[in-house]
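Thanks for sharing this one with me. I have put my reading into short numbered points, so you can follow along with the coordinates open.

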Amino acid sequence: MAAHPRPAGDRRAGPRRLGIAGAGEGIPPYVLPGPVAIGEALVRDWPALSAALLVTLKITALALLIAASLGLLLAVLFAQSRILELSLFPYAVILQVTPIVAIAPLIIIWVDDVTLSLLICAWIVAFFPILSNTTVGLNSTDHNLLDLFRLYGASRWQVLWRLRLPTAMPFFLAGLRISGGLALIGAIVAEFVAGTGGRASGLAYRILESGYQLQIPRMFAALVLISATGIGIFLALSLLSHLLLRRWHESAMGQGDRR
């Protein structure tokens, strides 16, 4: 019996028709789970995901703290000595341009402690923006104000504390906002490398584990947590910047406060 031809107006495409809702519209859940499946996985696997989230947050926070402290210290030293800046700044540039994916396996091999190796990887990624921005801020001090401070006999420490550091504060906070997200990225990349070696760590390891077990909704739930963490870090650092600058710097002052 001859098959009846399908009418031209019939646009049914069988099980391959794509839809927004995910698996309910033809896409298998092991390819793209729907929002409901991701939410259920987030609730069901919250104990394991929350523990991994704490590990990732710990690495990110410590790396950001070390990067901020060391970056500020080195920037102050660079501002005091041009020779020191020309001597050491190229090494910071080398750290910045070297892909962390390439050196993370070496760091994990060389450093026996997993947590310390993850911390080093995250610090390498987060360090340069703070150092670079703060150095630019310290070197952007108004020369007229510098001459005024010297005219009144201000010491080098007074010039640094009362003039250079306040001038560099907006630059430092801008670099801190950038480094917050980069520290999270560095931690995730290092966790991926550590996870492939069979060492449990943070959210990246949960993503690898879910992929091996074909638990795709749990994988997407971990991705949602990573994205939410990055957004939360940026908002927290933006709030910190606003609180520190709102009373005296134009970038954080309202329109009415500038009059």
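The points below go from the overall fold to single residues.

1. First, a reminder that this is a predicted model. The fold has nine helices and zero strands, so by the DSSP runs used here the order from the N terminus is simply α-α-α-α-α-α-α-α-α. Of the 259 residues, 38% count as buried. Among contacts with a separation of 6 or more, 72% are between residues 24 or more positions apart.

2. On the outside, the protein exposes about 15400 Å², and carbon and sulfur atoms supply 67% of that area. One nonpolar patch to look at is made by I66, L70, L73 and L77 and covers about 310 Å². I66 belongs to helix α2, residues 46–80. What is the relative accessible area of I66? The value is 38%, so I66 is partly exposed.

3. Turning inwards, the largest nonpolar core has 59 residues, and I100, I130, L138, L176 and L203 touch the most other members. The elements that give two or more residues to this core are α1 (35–44), α2, α4 (100–110), α5 (114–139), α7 (156–196), α8 (203–212) and α9 (216–245). As background, nonpolar side chains tend to be buried together in soluble globular proteins.

4. L203 deserves a click of its own. Leaving out residues up to four places away in sequence, L203 touches L49, A52, L53, T56, E191, A222, L225 and I226.

5. T60 is a polar residue to inspect in helix α2. Is T60 buried or exposed? With a relative accessible area of 4%, T60 is buried, because the cut-off for that class is under 20%. Beyond four places in sequence, T60 touches G180, A183, L184, A187 and I233. The last of these contacts, I233, lies 173 residues from T60 in sequence, yet their C-alpha atoms are 9.7 Å apart. The side chain of T60 also reaches the backbone oxygen of T56 at 2.8 Å.

6. T141 makes a good companion case, this time in the loop between α5 and α6. T141 has a relative accessible area of 3% and is therefore buried. Not counting residues up to four places away in sequence, T141 touches L146, L163, R164 and T167. T141 and T167 are 26 residues apart in sequence, with 6.1 Å between their C-alpha atoms. The side chain of T141 reaches the backbone oxygen of L138 at 3.1 Å, and L138 is one of the residues that touch the most other members of the largest nonpolar core.

7. Both ends of helix α6 are worth a look. At its start (the helix covers residues 143–151), a side-chain oxygen of D142 comes to within 2.9 Å of the backbone nitrogen of N144. Just after α6, G153 takes a positive phi of about 75 degrees.

8. Please check the backbone at L214 too. This residue sits in the loop between α8 and α9, and its phi is near 60 degrees, a positive value in a residue other than glycine. Most residues other than glycine have a negative phi. The relative accessibility of L214 is 63%, so L214 counts as exposed.

9. How many salt bridges does the structure hold? There are five. In one of them D45 pairs with R44, the closest N and O atoms being 3.9 Å apart. D45 is buried at a relative accessible area of 15%, whereas R44 is exposed at 51%.

10. R82 and E85 meet in another salt bridge, at 3.2 Å from N to O. Both lie in helix α3, three residues apart, about one turn of the helix. R82 is exposed at 54% relative accessibility, while E85 is buried at 11%. Apart from neighbours within four places in sequence, E85 is in contact with F78, P90, T135 and N139.

11. Finally, helix α8 holds R206 and E209, three residues apart and about one turn of the helix. Their side chains form a salt bridge at 2.8 Å, N to O. Salt bridges with shared partners join R206, E209 and R218 into one network.

Methods: Residues numbered from 1 in each chain as written. Predicted model: local features only at pLDDT ≥ 70, side-chain atom pairs only at ≥ 80, totals over all residues. Heavy atoms only, no water. Helix = DSSP H or I, 4+ residues; strand = E, 2+ residues; numbered from the N terminus. Buried < 20%, exposed > 50% of the residue type's maximum accessible area, 1.4 Å probe, protein only. Contact = heavy atoms within 4.5 Å. Areas by Shrake-Rupley, 256 points an atom, 1.4 Å probe, with all protein chains shown as cover. Patch = residues over 30% accessible without salt bridge, like charges linked within 9 Å, V, L, I, M, F, W, Y side chains within 5 Å. Salt bridge = Lys/Arg side-chain N within 4 Å of Asp/Glu carboxyl O. Core = buried A, V, L, I, M, F, W, Y, C linked by side-chain atoms within 4.5 Å. Polar contact = N/O pair within 3.5 Å; in protein donor to acceptor, adjacent residues only side chain to side chain.
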